[in-house]
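User: Please take a close look at enclosed empty space in this structure. I should like to know what surrounds any such space and how far the model can be relied upon.

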Amino acid sequence: MPKILIVGGGYAGFYTAWKLEKWLRKGEADVTVVDPLPYMTYQPFLPEVAAGSIEPRHAVVSLRRHLKRTNVVTAKVTQVDHATKTATITPEVGPEWTMEYDQIVMTAGAVSRTFPIPGVADEAIGLKTIEEAVAIRDILLTNFQKAANLEAGPERDRLLTTIVVGGGFAGIEIFAELRSFATDLLKNYPGLTIDDTHFHLVEAMGRIMPEVTLETSHWVLKNLAERQAIVHLDTQLQSAVGGKVELSSGESYESDLIIWTAGVMANPVVRNTDFPIEARGRISVQPDLRIVDEDGTVVPDAWACGDVAATPDLTGAGVGGFCVPNAQHAVRMGKQLAKNITATLRGENTKDYRHDNLGAVAGLGLGIGVFQSGKFALKGFPAWAAHRGYHGMAMPSYERKIRVVTGWANNMLLGRDIASLDNITRPRAAFEEFASRPKPAVAEATPAAPAAATPAAAPATAPSIGQPAGEPGPAYGNPADGETKAEPAAAAAPAAPAAKKAPARKPAAKKAPAAASVDAEKAPAAE
């Protein structure tokens with residue numbers, strides 16, 4: 001049975017596997033998906049996750065739950081040698097291994113592309129993963145909580161300042177959604193006003209959102225300005241060291257929340273393959289999504305699509321002649337790729353990928369959006385409704401659709417949840433703070449001390465608090481009580497002569513547990 005290896009479980013990889021399950025007959029091929037994450041992230045929902053409008057788990061799709069007939073491997077593909085048709089699989093725990101395949105599909109997606117600007121790597125956060133969106137939400141909420149306890153001044157300004165770098169769709173959406181979220185939060189903080197919050201977006205070009213018309217982008221700028229969200233055009237970030245954002249315009253702001261959305265690049269895993277790579281670091285493919293070398297010759301049994309591939313745009317609308325890296329293309333490429341793989345297994349002809357852009361739609365906060373399709377544009381509430389309607393339907397599987405739509409309905413009735421889980425990054429912090437620890441070892445007896453004093457002063461192994469000596473397993477007790485009883489026991493330790501006069505215990509098996517319990521109370525308590 002042919003073995004098909006899919007590298008990456010994002011949009012393109014998930015949809016390729018999902019549709020292969022639909023079109024392949026039982027026993028026709030063995031399909032494996034390898035991805036370091038056990039889920040596919042629906043990235044258009046990340047701004048709404050960060051703004052508390054969507055529950056984080058509802059914006060991801062479990063690979064194992066929805067790929068019933070596919071082998072799902074949670075690990076990284078660190079190297080591909082197509083000459084021998086082998087891939088190196090590296091899990092987070094355990095040794096790496098080599099996997100053989102007959103056909104390979106490269107759909108490893110994209111990662112954030114940054115520049116060597118001082119401080120960015122140390123202070124900024126991206127917006128490519130669900131974990132980043134959750135962190136952004138919690139940081140914003142926690143900063144509001146801290147700022148509410150401070151008088152007006154530089155420290156409070158720093159906590160209430162949000163910086164977004166990049167004015168594309170992703171940047172504008174997260175910027176506008178967070179502005180909406182922060183404004184909504186103010187009703188819970190009577191000591192703060194909208195004038196105390198500061199939102200700045202930095203864009204190196206002279207306009208935002210190149211996917212829409214200039215007129216539509218101007219409307220977005222005007223709308224943001226009315227909401228006290230400032231956009232800096234023709235401006236570059238020069239430094240973010242220590243959270244101090246310095247701009248090419250000479251302005252500077254201090255912030256605890258710097259979000260980087262200024263570009264993406266193909267997953268670096270492509271550099272560890274023997275596939276041909278074009279100038280922008282993507283794998284070269286022909287329109288039917290087969291990988292091709294420099295002279296256009298097809299590489300047998302190798303496919304690629306999504307953000308990791310340079311796919312020709314047959315409509316002529318793509319930038320540089322290639323499909324733009326977005327979810328709209330990745331989803332449809334995955335579906336077409338599954339059809340083409342199925343066709344080759346059956347000796348049939350493949351079909352070229354072609355998709356006319358349906359337009360662009362963005363949510364800019366509750367009740368505000370923008371939609372552009374050709375020269376037609378919608379703005380405000382109708383566009384926001386179109387945004388939610390389109391992405392609600394585009395979310396894979398009815399199970400996910402129901403969760404997302406139900407969450408939206410709950411928020412309309414109950415409002416957004418504003419509880420911060422910022423400490424989730426240190427889940428053991430509270431336990432560690434109050435956990436009892438063993439006392440330092442007791443110093444050994446001096447030569448002048450009586451020989452019998454040593455065993456009486458400290459047992460060879462002191463039992464834990466609340467645990468009877470010599471009995472297995474934890475017995476939970478009150479550490480405070482144990483510490484109170486420990487003091488007299490320690491004070492009486494030097495009284496060796498008294499220990500000699502104590503009556504000897506009988507080694508009766510039935511009475512041993514009771515005697516051990518008495519000794520446990522008298523033994524030095526371990527903290």
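Analyst: Accessible areas here follow the Shrake-Rupley method with a 1.4 Å probe, and for residues only the protein chains shown count as cover. On that basis the chain exposes about 27,200 Å², of which carbon and sulfur atoms supply 56%. This is a predicted model, in which local features need pLDDT (the predictor's confidence in each residue, from 0 to 100) of at least 70 and side-chain atom pairs 80 or more, while totals for chains, interfaces and linings use all residues. Residues are numbered from 1 along each chain as its sequence is written, and side-chain values use heavy atoms, without hydrogens or water.

Of the 527 residues, 44% are buried (under 20% relative accessible area, 1.4 Å probe, protein chains only). A search of the whole structure returns 1 cavity of 30 Å³ or more; a cavity is a set of points on a 1 Å grid over the protein atoms alone where a 1.4 Å probe fits but cannot get out. The volume of the largest cavity, taken as the space filled by probe spheres set on the points, is about 50 Å³.

Its lining residues (an atom within 4 Å of a point) are Gly306, Asp307, Ala309, Thr311, Cys323, Val324, Pro325, Asn326, His329, Ala330 and Met333. By class, 6 are nonpolar, 4 polar and 1 charged, with Gly counted as polar. Helix H9, residues 327–345 (a DSSP run of H or I, at least four residues), gives the most to this lining, with 3 residues.

As to confidence, the mean pLDDT of the chain is 84, and 84% of its residues reach 70 or more. Over residues 451–527, however, the pLDDT is below 50.

Technical notes:
On a 1 Å grid over the protein atoms alone, a cavity is a set of points where a 1.4 Å probe fits but cannot get out, and a pocket is an open set with protein on both sides within 12 Å along at least five of seven lines; lining residues have an atom within 4 Å of a point. Helices (H or I, at least four residues) and strands (E, at least two) are DSSP runs, numbered from the N terminus. Buried means under 20% relative accessible area, exposed over 50%, partly exposed in between (1.4 Å probe, protein chains only). Contact means heavy atoms within 4.5 Å.
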